[in-house]
Amino acid sequence: MAKRNILLKDNPALRMISRPVREITPRIRTLLDDMTETMRAAEGVGLAAPQVGVLRRVVVVETEPGTVYELINPEILESEGDQYNLEGCLSAPGEMGYTHRPMSVRVRAMDRTGAIRDYSVSGFTAQAFCHEIDHLDGILYLDKADMVEPEER
Ligand code: ZN
């Protein structure tokens, strides 16, 4: 595994639409491994491939330590409810803002074996799924956040 560089918010790559993965290759599995290592090193809870400069629809989320969701070509099938919570992004270090997100979502994605799986998640994990899936369409949480402020330390 290797840690990759995280692009910062003004990088134009973060505004591009990422392409679907058509086939699981060793390169995709390496990307997943590297993304998890990069996310953990940065003490984040999620990372999308465009944040490391790879315009592919690949996301990792780890809101509970030890449980890594690897989502390839994720699609939100259903969303329910509303939550309004603080959010940050590894591409915008030192900033946080409040966003509205669904309280729960059902997401369909491919895993690293190529199997299609459905995930029903809620609360903080649903927030992280939505944040990371937005990245695949060039959307940053800063576009929809209120009261973006320096993170308190
Ligand atoms: Zn982000």
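**A zinc site, two open sheets and a pocket**

In this predicted model, the zinc ion is held at 2.0 to 2.3 Å by three protein donors, namely Cys-89 (SG), His-131 (NE2) and His-135 (NE2). Donors here are N, O and S atoms within 2.8 Å of the metal (3.2 Å for Na, K and Ca), and sites may look incomplete because water is not among the atoms. Residues are numbered from 1 along each chain as its sequence is written, and side-chain values use heavy atoms, with hydrogens and water left out. Local features need pLDDT of at least 70 and side-chain atom pairs count only at pLDDT 80 or more, while totals for chains, interfaces and linings use all residues.

Along the chain, the zinc donors are spaced as C-x41-H-x3-H. The two histidines belong to helix α2 (residues 123–135), and because they are four residues apart there, about one helical turn separates His-131 from His-135. Helices (H or I, at least four residues) and strands (E, at least two) are DSSP runs, numbered from the N terminus. Both His-131 and His-135 are buried; this term stands for under 20% relative accessible area, with exposed meaning over 50% and partly exposed in between (1.4 Å probe, protein chains only).

Turning to the strands, five of them make an open antiparallel sheet, ordered β1-β2-β3-β6-β7. Its edges are β1 (46–48) and β7 (116–122), each of which pairs on one side only. From one strand to the next, the twist averages 40 degrees. Strands count as paired if DSSP finds at least two bridges between them. Strand β6 (residues 104–110) is joined to β7 by seven bridges, the two running antiparallel, and here Ser-104 stands opposite Ser-122 of β7.

Both helices named here pack on this sheet. Helix α1 (residues 26–41) touches β1, β2 (58–64) and β3 (67–80), and its direction makes about 40 degrees with that of β2. Helix α2 touches β1, β2, β3, β6 and β7, with its direction at about 160 degrees to that of β2. Contact means heavy atoms within 4.5 Å. Axes are lines fitted to C-alpha atoms, for helices over the stretch in contact, and angles run from 0 to 180 degrees between N-to-C directions.

A further open sheet has three strands in the order β4-β5-β8, again with antiparallel pairing. Here β4 and β8 are the edge strands, pairing on one side only, and the twist averages 20 degrees from one strand to the next. Five bridges link strand β4 (residues 83–87) with strand β5 (residues 95–101), and Leu-86 has Tyr-98 of β5 as its bridge partner. Strand β5 is also joined to strand β8 (residues 146–150), by three bridges. On that side, Tyr-98 is partnered by Asp-146 of β8, and Met-96 by Glu-149. Helix α2, which carries the two zinc-binding histidines, lies across β4 and β5 and runs at about 70 degrees to β4.

At the β8 end of this sheet, Pro-150 is exposed, with a relative accessible area of 67%. Its C-alpha atom is 5.5 Å from that of Gly-94, although the two residues are 56 apart along the chain. Not counting residues up to four places away in sequence, Pro-150 touches Gly-94 and Glu-95.

What space is left for a probe? The largest pocket holds about 500 Å³. On a 1 Å grid over the protein atoms alone, a pocket is an open set of points with protein on both sides within 12 Å along at least five of seven lines, and lining residues have an atom within 4 Å of a point. Grid points are joined across faces, edges and corners, and the volume is the space filled by probe spheres set on the points. The lining comprises 23 residues, and those nearest the pocket centre are Glu-43, Gly-44, Gly-88, Cys-89 and Leu-90; Cys-89 is thus also one of the zinc donors. Helix α2 gives the largest share of the lining, five residues, while β4, β5 and α2 each supply at least two.

Backbone angles add a last detail. Most residues other than glycine have a negative phi. Glu-43, however, has a positive phi of about 55 degrees; this residue sits in the loop between α1 and β1 and, at 74% relative accessibility, is exposed. Asn-73 likewise has a positive phi of about 55 degrees, but its place is in strand β3.

How values were computed: On a 1 Å grid over the protein atoms alone, a cavity is a set of points where a 1.4 Å probe fits but cannot get out, and a pocket is an open set with protein on both sides within 12 Å along at least five of seven lines; lining residues have an atom within 4 Å of a point.
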